[in-house]
Amino acid sequence: MEIRYFDTLDSTNKYCKLLNPNEVEEFLVVLAATQTDGIGQAGNHWESESGKNLTFSIILKPTFLLAEEQYNLTMAVAVAVHNTVTQLLHEEQVSIKWPNDIYVGDRKICGILTSCQVKCNHISQAICGIGLNVNQTLFPEWVPNPVSLRQTAGREFNLEKVLKTMLEEINSCYEALKTDSKCIREKYLSLLYRKGVEAWYLYRGEPTRGTIEGVDPFGRLLLRRSDDSTLLLCGMKEIQFSTPGQRPEDR
Ligand code: BTN
């Protein structure tokens, strides 16, 4: 596994996108101590203090997946990051907030951004960008619900060791995905944040009370609306989670 270390990049995902896929080996890891233009979900900026956290991308070539099975990869990487955080934090309650944020309690410790290229209806290459809050203790106010390993465990973590654990977990979940994707899916569903717990959401802009029942094979969230028991199939742009105890419009 090749690891390319950079002091500063605009974004490790952007760097990987510029590489020629035919000249890139699977499992190339690109890591930057500082990102000047880190990207998050929905085009948001990814905030990470220089040298304190892990911000890296890994290139995978999951040609065994059909284009419509992209969500399987999302699940495998989320389970791998979940396993890493659980190993490092032992007792803490770690979960996967749909679709692929990693939470400790009600706070976000890691974000994942995956983009796939498709050839002949198979995924030819995937760039998985991972931002894990490790030793950062102060976050700007605009970052919603952040937390780091250090804040949770009360001690500093060695970034190299955390990276090693993470890469081992990614490798192992990726192998499991090849042989037994059902097992990855079951694990993912068992770790889903707020599954089976009634809570408030903003669904298509409307405050909606409901209970998460799972995720369909395309990665849409299944939310059972409380007032009329309708099962809502939610895409990324259709739903927002509220913080615990709050109706979304109170935020
Ligand atoms: C999210 O918004 O939850 C996804 C965040 C993904 C951030 C990581 S940091 C490394 C990689 N490079 C980027 O520019 N983004 C991803």
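1. Let's start at the largest pocket of this predicted model. Strand S6 makes the largest contribution to its lining, giving four residues. S6 runs over residues 107–119, and it is joined in the lining by other elements that give two or more residues: helix H1 (12–17) and strands S3 (54–60), S5 (101–104), S7 (122–132) and S12 (239–241).

2. How much space lies in the largest pocket? The figure is about 1,200 Å³. Its lining counts 47 residues, and if you would like to find the centre in the viewer, look for Gln41, Asn44, Lys97, Asp101 and Lys108, which lie nearest to it. Sorted by class, the lining holds 20 nonpolar, 19 polar and eight charged residues.

3. The second largest pocket is worth a visit too, with a volume of about 230 Å³. Its lining is made of 15 residues, and those nearest the centre are Gln70, Tyr71, Thr74, Pro99 and Thr114. Here helix H2 (70–89) and S6 each give at least two residues, with the largest share, three residues, coming from H2. The lining splits into seven nonpolar, six polar and two charged residues.

4. Now to the nonpolar interior. In soluble globular proteins, nonpolar side chains tend to be buried together. In this model the largest nonpolar core has 63 residues, and the ones with the most contacts inside it are Phe56, Val85, Ile109, Leu132, Leu149 and Tyr188. The element that gives the most to this core is H2, with 12 residues. Another core lies apart from it and has 10 residues, including Leu9, Tyr15, Leu19 and Ile127.

5. Phe56 makes a good place to pause. What is Phe56 in contact with, once its neighbours within four places in sequence are left aside? The list begins with Thr12, then takes in Val29, Val30 and Leu31. It also holds Cys128, Gly129 and Ile130, and finally Leu163, Met166, Leu167 and Ile170.

6. Helix H5, residues 181–190, has a buried side and an exposed one. Its buried residues are Ile184, Tyr188 and Leu189. Why do these three sit on the same side of H5? They do so because they cover an arc of only 130 degrees around the helix axis. On the other side of H5, you will find Lys182 and Ser190 exposed. The cover over the buried residues of H5 includes H2, strand S4 (94–97), helix H4 (159–179) and strand S9 (206–215). Tyr188 also appears among the residues with the most contacts inside the largest nonpolar core.

7. Next, a look at Ser124, which lies in strand S7. Is Ser124 buried or exposed? Its relative accessibility is 18%, so Ser124 counts as buried, the cut-off being under 20%. Beyond its neighbours within four places in sequence, Ser124 is in contact with Leu60, Lys61 and Thr63, and also with Gln117, Val118 and Lys119.

8. Last comes Gln240, which is found in strand S12. With a relative accessible area of 40%, Gln240 is partly exposed, a class that lies between the buried limit of 20% and the exposed limit of 50%. To place Gln240 in the fold, try Pro207 as a landmark: the two are 33 residues apart in sequence, and their C-alpha atoms are 9.5 Å apart in space.

Notes
Residues numbered from 1 in each chain as written. Predicted model: local features only at pLDDT ≥ 70, side-chain atom pairs only at ≥ 80, totals over all residues. Heavy atoms only, no water. 1 Å grid on protein atoms, 1.4 Å probe; cavity = no way out; pocket = protein on both sides within 12 Å on 5 of 7 lines; lining within 4 Å. Points joined across faces, edges and corners; volume = space filled by probe spheres on them. Nonpolar A, V, L, I, M, F, W, Y, C, P; charged D, E, K, R; others polar. Buried < 20%, exposed > 50% of the residue type's maximum accessible area, 1.4 Å probe, protein only. Arc of directions from axis to C-beta. Contact = heavy atoms within 4.5 Å. Core = buried A, V, L, I, M, F, W, Y, C linked by side-chain atoms within 4.5 Å.
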